[in-house]
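I am opening a fresh page for this structure, to note down what I looked up and what I found. The entries follow the order in which I went through it.

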Amino acid sequence: PLFFSTYGASAAAQENLMGINGAFYGVLFAMFIYNLFLFISLRERAYFWYLIYNINVGLFAACFDGMLFKLLPEHIALQSVSIYILMYLHCLTATQFSRHFLHTRQHFPRLDNALRLQMLVVIGCLLSVTLISLQAWNILASLAVLVVSLLLLITGIYVWRRGIRHGSYYVLAWSVLLVSFMLVTSGSLGIELFGIYGSTVVKVGVTIELLALSIGLADRINL
């Protein structure tokens with residue numbers, strides 16, 4: 001969409017966005033350092049995959065904000081596809097983290113096999129870039145993020161209802177993230193709800209998700 005604004009209003013909006021972005025990356029970094037210390041202390045695999053997921057989220061946000069263009073100005077081809085590669089990696093790291101966070105391998109072997117199959121499907125979609133057009137591959141990446149997020153939310157609800165207490169944190173995290181994704185992607189359907197602050201909605205959702213998952217990890221370890 002195209003937005004018209006006065007110079008003063010545009011400068012104020014950009015200042016607000018810069019403040020929000022700074023807060024977002026600050027929280028992201030703080031959560032990474034905090035959970036890195038916990039991983040070093042506890043050697044728990046769930047913390048390791050949380051860190052990997054955190055890194056992927058940070059790279060995706062940086063790419064979305066155009067920072068990759070500043071870091072790699074000469075690699076135009078990589079810049080054009082990097083955000084979609086990170087979307088596929090988001091699906092993979094989120095699924096792998098979920099397997100460890102929810103103990104699916106130990107308590108729900110069939111569900112764990114389904115999550116493994118889901119990862120294989122995502123890898124297949126990632127590698128399909130050589131078989132389909134780039135535009136179709138980009139659309140497939142967006143669909144993969146939405147579908148995987150929904151499936152992981154359903155997985156969390158199932159595990160929670162089966163008596164895994166920390167599943168409640170997981171359901172909260174993915175509910176917020178999925179709602180933020182749906183609100184932002186509604187813009188592609190002509191329903192623009194947040195204007196230039198659309199990306200901020202996702203960042204707020206991601207921040208709440210990472211905080212909820214971190215609290216859930218702590219609760220999971222204390223059980």
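**The loop with Arg43**

I began with Arg43, which sits in the loop between helix H1 (7-42) and H2. I note at once that I am reading a predicted model. Looking up its backbone, I found that phi of Arg43 is near 55°, a positive value in a residue other than glycine. I wrote beside this that most residues other than glycine have a negative phi. I then checked the surface, and Arg43 counts as exposed because its relative accessibility is 60%.

**The other loop**

I next looked at His103, which I found in the loop between H4 and H5. Phi of His103 is likewise a positive value near 55°, again in a residue other than glycine.

**The second largest pocket**

His103 led me on to the second largest pocket, since His103 is among the residues that line this pocket, together with others including Glu44, Arg45, His100, Asp112 and Arg220. I noted that about 200 Å³ of space lies in the second largest pocket. Which helices each supply at least two residues of its lining? I found that helix H2 (45-64), helix H4 (76-101) and helix H5 (104-107) each do so. Sorting the lining by character, I obtained one nonpolar residue, five polar and six charged.

**Thr93 in H4**

Staying with helix H4, I picked out Thr93, which lies in that helix. Is Thr93 buried or exposed? Thr93 is buried, because its relative accessible area is 10%, below the 20% under which a residue is called buried. I then looked for what it meets, and, leaving aside residues up to four places away in sequence, Thr93 touches Ile52, Tyr53 and Asn56. For one of these I wrote down the distance: Thr93 and Tyr53 are 40 residues apart in sequence, yet 5.5 Å apart in space from C-alpha to C-alpha.

**Cysteines**

I searched for disulfides and the count came to zero. Cys91 is in no disulfide, and its nearest cysteine sulfur, that of Cys125, is 8.5 Å away. From the side of Cys125, the closest cysteine sulfur is in Cys91 at 8.5 Å, which is too far for a bond, because a disulfide needs the two sulfur atoms within 2.5 Å. I also checked how covered they are: Cys91 counts as buried at 1% relative accessibility, and Cys125 is buried with a relative accessible area of 17%.

**Helix H7**

I turned to helix H7 (residues 134-161), which has 28 residues and reaches 41 Å from its first C-alpha to its last, close to the 40 Å expected at 1.5 Å a residue. I listed its buried residues, among them Trp137, Ala141, Ala144, Val145, Val148, Leu152, Thr155 and Val159. Next to this list I wrote a reminder that an α-helix has 3.6 residues a turn, so residues three or four places apart point the same way. After H7 comes Gly163, whose phi is positive, near 105°.

**The chain as a whole**

I closed with the overall picture, in which the chain has nine helices and zero strands. Buried residues make up 42% of the 223 residues in the chain. Of the contacts between residues at least 6 apart in sequence, 71% join residues at least 24 apart.

Note on methods:
Residues are numbered from 1 along each chain as its sequence is written. This is a predicted model: local features need pLDDT of at least 70, side-chain atom pairs count only at pLDDT 80 or more; totals for chains, interfaces and linings use all residues. Side-chain values use heavy atoms; hydrogens and water are left out. On a 1 Å grid over the protein atoms alone, a cavity is a set of points where a 1.4 Å probe fits but cannot get out, and a pocket is an open set with protein on both sides within 12 Å along at least five of seven lines; lining residues have an atom within 4 Å of a point. Grid points are joined across faces, edges and corners, and a volume is the space filled by probe spheres set on the points. Helices (H or I, at least four residues) and strands (E, at least two) are DSSP runs, numbered from the N terminus. Ala, Val, Leu, Ile, Met, Phe, Trp, Tyr, Cys and Pro count as nonpolar, Asp, Glu, Lys and Arg as charged, and the others, Gly among them, as polar. The expected span of a helix is 1.5 Å times one less than its number of residues. Buried means under 20% relative accessible area, exposed over 50%, partly exposed in between (1.4 Å probe, protein chains only). Contact means heavy atoms within 4.5 Å.
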